[in-house]
Amino acid sequence: MSQSSASACGAPGPDEHPTMADRGWLAIACRIAAEEPTPGTGLAAGAVVVAADGTELARGRAREGSREHAEEAALGALAAAGSRLGGATVYSSLAPCARRPDGGRPCAELIRDAGVRRVVTAVRVPEGVAGSGDGGGLLESAGVTVIELPEYADAAMKPNRP
């Protein structure tokens, strides 16, 4: 569900310092996760990809019965966006995974290879949960800025609680 004009949240921040726009976009990612809670072994997650000018490019969510992760779904919808991703920020309710037990390509690699410059997340998923690994660390080692806003952790984890 992408939009062709800039959103009311505004343009992502330019660096490692979170802005009000970053907070607004992350709140949207958390709401996306809550729209379809994922019971069972999967985690509910939401993601929004936003261009440097504040244009929403795509949304994605992890869904029960699908192996697709939220970031994977959002980036997969962007085949036509091309070079706009170089200045983009990915907002993800849960930090991108670095390992996938299902054999899929880890979200941190997809984000890195897309040329995204920033990732803003509510919570880093603990090691061993859904084979997550340290996606934030993988991205940081590749030069991607990763910002964690723990004040959104409760909203991000709420749809994952029994």
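**Salt bridges and helix H3**

Let's start with Asp-113, which is partly exposed, with a relative accessible area of 46%. In this predicted model, the side chain of Asp-113 meets that of Arg-105 in a salt bridge, 2.0 Å from N to O. Arg-105 is partly exposed as well, at 38% relative accessible area. The two also belong to a wider group: Arg-105, Glu-109, Arg-112 and Asp-113 are linked in a network of salt bridges.

Now for the helix itself. H3 runs over residues 107-114, and Cys-107, Ala-108 and Ile-111 are buried in it. Those three sit on the same side of H3, because they cover an arc of only 100° around the axis. What covers them? Helix H2 (70-76), strand E3 (89-94), strand E4 (118-123) and helix H4 (135-141) are included in that cover. Just after H3 comes Gly-115, with a positive phi near 85°.

Back to salt bridges, of which the model has ten. One of them pairs Glu-140 with Arg-124, at 3.1 Å from N to O. Glu-140 lies in helix H4 and Arg-124 in the loop between E4 and H4, so this pair ties together parts 16 residues apart in sequence. Glu-140 has a relative accessible area of 38%, and Arg-124 has 27%, which makes both partly exposed.

Another salt bridge joins the side chains of Arg-23 and Glu-151, at 3.3 Å from N to O. Here the parts tied together are 128 residues apart in sequence, because Arg-23 lies in helix H1 (residues 20-35) and Glu-151 in the loop between strand E5 (145-148) and helix H5 (153-157). Arg-23 is partly exposed at 23%, and Glu-151 is partly exposed at 48%.

Notes
Residues numbered from 1 in each chain as written. Predicted model: local features only at pLDDT ≥ 70, side-chain atom pairs only at ≥ 80, totals over all residues. Heavy atoms only, no water. Buried < 20%, exposed > 50% of the residue type's maximum accessible area, 1.4 Å probe, protein only. Helix = DSSP H or I, 4+ residues; strand = E, 2+ residues; numbered from the N terminus. Arc of directions from axis to C-beta. Contact = heavy atoms within 4.5 Å. Salt bridge = Lys/Arg side-chain N within 4 Å of Asp/Glu carboxyl O.
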